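This report describes the fold, the surface and the cysteines of one protein chain. Please consult the sequence and the coordinates alongside the text.

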Amino acid sequence: ASQALRLSSMAEVYNFPELTEPAQKIAHHSAQTVLQGEVYEASRVSIWTDEITKIAVEELTRLSPNFKYAVSCLVLQKKGAGMSSASTAFWNATTDAVAHVIWDENRTITCMVTIYGVAI
């Protein structure tokens, strides 16, 4: 009951910065669901990224229908190489935000999920 209450109250949220923490949990859950127990295989990366982003968007729209969502996913093979990433946006800092998670719970795969929430 408390989960349903929490989700229904989030439908009344119109400022994505208030949903950053739940969005990060969704990003983590999406990566975990798809990648847990997998071994890096280049030919499967596009399948994994499609699944991760699909799960995230579905869960985000259930969380709150008051935003447009864009989800990106980067899957890397762990080989000791560095990674840098940057993004920028022109938006309303009160209502719009970004949440990202680096999922690193696998011995051969690192995954970065980035969620952009823009108020409708």
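Why does the sulfur of Cys-111 form no bond with the closest cysteine sulfur? The closest one, in Cys-73, is 3.6 Å away, which is too far for a bond; a disulfide requires a pair of cysteine sulfur atoms within 2.5 Å. The structure accordingly holds 0 disulfides.

The model is predicted: local features need pLDDT of at least 70, side-chain atom pairs count only at pLDDT 80 or more, and totals for chains, interfaces and linings use all residues. Residues are numbered from 1 along each chain as its sequence is written, and side-chain values use heavy atoms, with hydrogens and water left out.

Both cysteines count as buried (under 20% relative accessible area, 1.4 Å probe, protein chains only).

| Residue | Relative accessibility |
|---|---|
| Cys-73 | 18% |
| Cys-111 | 0% |

Buried residues make up 39% of the 120 residues in the protein chain.

The protein chain has 3 helices and 3 strands, in the order α-α-α-β-β-β from the N terminus on; these are DSSP runs, with helices (H or I) of at least four residues and strands (E) of at least two. Its radius of gyration, taken over C-alpha atoms, is 15 Å, which agrees with the value near 14 Å for a compact globule of 120 residues; that rule is 2.2 Å times the number of residues to the power 0.38. The C-alpha trace spans about 45 × 35 × 20 Å along its principal axes. Of the contacts (heavy atoms within 4.5 Å) with a separation of 6 or more, 71% join residues 24 or more positions apart.

Definitions and conventions. Buried means under 20% relative accessible area, exposed over 50%, partly exposed in between (1.4 Å probe, protein chains only).
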